[in-house]
Protein chains: 2
Amino acid sequence: MSSFTPNQADDIAIATIRTLSVDVVGKANSGHPGAPLGLAPVAHVLFSRFLKANPKNSKWFNRDRFVLSNGHACALQYVLLHLLGYQLSLDDLKAFRQLGSKTPGIEVTTGPLGQGFANGVGLAIAQAHLAAVYNKDGFNLINNYTYVFAGDGCLMEGVASEAASLAGHLQLGNLIVIYDDNHISIDGDTAVAFTENVEQRFLAYGWQVLHVNDGDKDLAGISDAIAEARKDSSKPTIIRLRTTIGYGSKAQGTHGVHGSPLKADDIAALKTKFGFPPDQTFLVPQATYDFFAEFGKRGAALEAEWNSLLAAYGQKYPAEHAELTRRIAGKLPENWEKSLPVYKPTDAAQASRKLSEIVLTAIIPELPELLGGSADLTGSNLTKVKNSVDFQPPSTGLGTYAGTYIRYGVREHAMGAIANGLHAYGGIIPFVATFLNFISYASGAVRLSALSGHQVIWVATHDSIGLGEDGPTHQPVETAIALRATPNLAFWRPADGNETSAAYYIALQSKSTPSVLSLSRQNLPNLEGSHFEGAIRGGYVLHEEANEDLTIVSTGSEVSIAVEAAGKLKAEGIKTRVVSLPSWLTFDQQDQQYRLSVLRSGAPILSLEALSTYGWQKYSHEQYGLTGWGASGPYQKVYEKFGITGSNIAAVGRKVVDFYKQKGTPVVSPLVKAI
Amino acid sequence: MSSFTPNQADDIAIATIRTLSVDVVGKANSGHPGAPLGLAPVAHVLFSRFLKANPKNSKWFNRDRFVLSNGHACALQYVLLHLLGYQLSLDDLKAFRQLGSKTPGIEVTTGPLGQGFANGVGLAIAQAHLAAVYNKDGFNLINNYTYVFAGDGCLMEGVASEAASLAGHLQLGNLIVIYDDNHISIDGDTAVAFTENVEQRFLAYGWQVLHVNDGDKDLAGISDAIAEARKDSSKPTIIRLRTTIGYGSKAQGTHGVHGSPLKADDIAALKTKFGFPPDQTFLVPQATYDFFAEFGKRGAALEAEWNSLLAAYGQKYPAEHAELTRRIAGKLPENWEKSLPVYKPTDAAQASRKLSEIVLTAIIPELPELLGGSADLTGSNLTKVKNSVDFQPPSTGLGTYAGTYIRYGVREHAMGAIANGLHAYGGIIPFVATFLNFISYASGAVRLSALSGHQVIWVATHDSIGLGEDGPTHQPVETAIALRATPNLAFWRPADGNETSAAYYIALQSKSTPSVLSLSRQNLPNLEGSHFEGAIRGGYVLHEEANEDLTIVSTGSEVSIAVEAAGKLKAEGIKTRVVSLPSWLTFDQQDQQYRLSVLRSGAPILSLEALSTYGWQKYSHEQYGLTGWGASGPYQKVYEKFGITGSNIAAVGRKVVDFYKQKGTPVVSPLVKAI
Ligand SMILES: [Ca+2]
Ligand SMILES: [Ca+2]
């Protein structure tokens, strides 16, 4: 028996979605009409029959999550949000793709292909995890589904393949992907490049695989497939939905309808075909509004019911209730920061990756919202603290869904995109780990993290030539500047224990900024003059001298080398300050007076970092670092080869001091600028 | 009947590979013994029974290509190269992972997981393509196989999934991947994260899938699988080879043997087990040398035979012979550059992506070595010139293997890694295309391209906020500085037609440097003062003024805005030079005198680019650009929003001039430095 009960408004509602999408793209004279026309029926069935959400409160915690991974189809989503009763007016639709246009009720930013698919896996992990932690008998508090629409492009991207393999392993039963199999991508028929058997591939990943052969008209088939997908709670589901791109357009079924507005005569013919007056735009029949009003009513009732359940839960499980509601609100517990370790210079030298492990060991008991993991480098990243449990399907015997440590496998890109989904869900602060150099594999996700304001913490170890023997293929050079130049991304390179605590402190306080903690493989001394209060400002004077001849500004593992150089110079009568600048983003947010007191005028400033010197010109007059690739060898020898030693930097410092003395003009801080 | 004829030296040869690998890692006190121990039998069978190569000439063109995608197993490859008679002595093996250690006979640099797999797909495409172009009846000149060893890590990476899907589509019959299925990755048993059915996945991609259940001992089974793989010329093959990681060690079968040297007692026990004296290191029995000497003899004879065939080919097909040998030698044809278009300021404004298409249209007939393609953005990147034929399996009816245009699908990362393989093969200059922003998806491959010196040309269109409506998810901000900071990578941002020709000219002359051509979606005027001779130096004075008050340095689509601003400033009596700096790398290679003549002392220099300002401090005193993300809207409005217009830049220029006048000290070029 079919799950589907037809409604007399179905056809007109679908036609409205289609015509409105075409008008939205047409008015903007820019956008993608093809996918909205093809996906209108499934969107209609999904939203009208299955999806639970409250348009009046788009943040209701147990709402179903919907992700449009083929984000170029966004006209579809905006149209739906309007029809469903979200805060998006017809006038807002008319401002599509214009400056300042609105986007409420969107779970994650998509567009770059494959990201939304992997975000969806993150959303589903979050649901499974929070359900395992907080649901109790009679309190099925967290049980939403995650629905993802994905196109051919998404499924061709490696990030989606990685995420799909992991999702299958994790048996994420509440994840349902609808694959818009329209045989078309920008280059034309998918026959030119994408002829794999997608169903067989997802079976290989361990997914439930369903299909609907006529996605253009078979509403009952669509409904049955979604119902079947929901029933199987032991596996994620992909529904291969055969659709016609641009359905209703004269060029339907071709890439001609993918990425450009339809022509006026085509729009008119399409509207006529769907029973709409050809000369009217942005027409929404009252029957359509009335039909979708039911969605809002249902959602409001569901939320009210859930709120009651949550209140009852609070009576019976006050501690869990307090913790869950705190997490939903995105608030850290009081005094959590008291658990951060503090160091004295006499404490033993340690690798900053180890210092990171010490922080994690201290804070994880305080912060249950931390959900960590590594891309198969756990023992190197030092991200799994003692007694932590793996996030695993219970059937594997390797952990539980309540576990807080995710084994991402060698899948950096998916890891980054999944972490974005974890944060988007709410109640979770994800941290993820790999070598700093391999964040580049995940650039697409990291960029979206920063753009969307996802609080994701990257534990990025082995952060320079200091990793030694693995050599140039593993030694970052350009990675740091790439991350520093990414807006709203905090790149931290702490020099010792106190600075590592500071980096975690700011990263955990920054609710809408991702952070990358760049950490050493090699041991670093705890420095005289390092302090938490300075480090949380992003930069501070580690070693002060009055009337200095030189300031060396440095980060991470090179700060102790700068200190050593300063000592040697001092012995020769060259007074040298040392500034530690662990986070440019954070330092740039300090007031001008403070910044100018740290990087002050009067003497030349020399930067030192075992990475590319690009970018350091902003904070220094002279730069010392790598001008090319690193080298393979024991790390001390590699540092020597590149002249990053106390004695060579002292020699470089002398040269700098002499040069500016000869120049004779006053030395002005590089921070003093006209614009 | 088995393909395998046992040899009495088989066991001792395999034992030598194993013990020598262990000694190499032990002496370095760093490295990965596990995979070499597990892969020794298959390596032995492959090299002794199948692989065609001449150790005395590692560049013989028709050699079989061997790629160790699980590059951490490189001790295995170095040991083999030594035993097979390549220029690698026992002393060289003792210098493993030390500064200056040698790596001859390696086809591609691997290590970052998944790259070698995709490089292998590129090598196989190159073979199929050159065979289709040059082989003739009786002249099977180019028919080598490409063998790839890959581990669990490689197969988890998205870049390998993308490449595998494309390889299946392309039916690359001469590609044979051996999957080291040892159930172990760094985090332990692959059961923690990688439980998909790999065989089924590759069947879904259209591969031939074989397996060998006892890769530790079943030499005949290994041989039969390779023989069967070679027989099927209609599909790529993956052989799932079940092995025991660290075979022979006390900790065999665990991740304990993956990435650290074996302990002394373990090494002694292992040697005893394999019949070697436990107290000797780097021992190679003469029987092993004698056995592998046959490999060298066979290879030398095969090359001699091939050289004769090539000579006979030259008699019968002199034109093809001349072209093929020219391509193998990596020489461009005489006077090819005469075909590059030249422009006058009166020529119509065009988008630089269109100017790129005009160049490609002009040079493709001159340069058959160009093998192009796009990641499903052909119509936007404008990379397919008229009448070009798709590189496709003939059975698809969509093209031929002689075709020069590859449909990569939405697979940027694989595209980049495949292009590295295409270039590594020889005789081919690959160009690939996507939006500039999505090069970030391929960062892992781009970095290796620059590190390994692969001449890959990226046609990177839609290179700024100038793409307009697609918005911040598609608008690069940090991408340019990330690429500019990558050593040995030439990032070009041409301002008009002449500069586009210059960018292609240098990119095509640079045999061991990848280039990224950053190109606009929007139209750009041909500029008064732009010239090829200046642009090929990476930077030049586009508009000169004596005793200037200001210099504006800019690139690409913003140069014409700088010119407009300079005109406005001139009208107010502020003399403004304009410098175009399309390629930092190329400009930095010019002599100091030239560079100082372009970016000279005497007046402030203001940089202008619709991207992050990071890095521009190296070339300018003041920087104007984006300080955050872009915005969605018609592109002119987006430029206005960010103040990148002639009139606003003129206002900024005035401010800069005033500031440095008030400062009162001489303005020194930012290129004048102490170090
Ligand atoms: Ca499609
Ligand atoms: Ca493995």
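This passage looks at how the two chains of a predicted model are arranged, how chain A divides into domains, and where a calcium ion is held.

A good place to start is the relation between the two copies. A turn of 180°, with a shift of 0.0 Å along the axis, lays chain A on chain B with an RMSD of 0.0 Å. The two copies are thus related as by a two-fold rotation axis. Their contacts reflect one shared surface: 100% of the contact residues of chain A recur in chain B. Within chain A, the residue that comes closest to the rotation axis is Gly158(A), whose C-alpha lies at 1.8 Å.

Turning to a single chain, the domain assignment splits chain A into three parts: domain 1 covers residues 8-300, domain 2 covers 336-524, and domain 3 covers 540-663. Between the C-alpha centres of domain 1 and domain 3 of chain A there is a distance of 53 Å.

The calcium site comes next. Ligand 2, a calcium ion, has protein donors from Asp152(B) (OD), Asn182(B) (OD1) and Ile184(B) (O), at 2.3 to 2.5 Å from the ion. Along the chain, these donors follow the spacing D-x29-N-x1-I. Asp152(B) and Asn182(B) link distant parts of the chain, 30 residues apart. Asp152(B) sits in helix H6 (residues 152-156) of chain B, whereas Asn182(B) belongs to the loop between strand E3 (175-181) and strand E4 (184-185) of that chain. Both Asp152(B) and Asn182(B) are buried.

Conventions: Residues are numbered from 1 along each chain as its sequence is written. Chains are lettered from A and ligands numbered from 1 in the order in which they are written. This is a predicted model: local features need pLDDT of at least 70, side-chain atom pairs count only at pLDDT 80 or more; totals for chains, interfaces and linings use all residues. Side-chain values use heavy atoms; hydrogens and water are left out. Copies are superposed by least squares on the C-alpha atoms of residues with pLDDT of at least 70 in both. Contact means heavy atoms within 4.5 Å. Domain bounds come from an automatic or database domain assignment. Donors are N, O and S atoms within 2.8 Å of the metal (3.2 Å for Na, K and Ca); water is not among the atoms, so sites may look incomplete. Helices (H or I, at least four residues) and strands (E, at least two) are DSSP runs, numbered from the N terminus. Buried means under 20% relative accessible area, exposed over 50%, partly exposed in between (1.4 Å probe, protein chains only).
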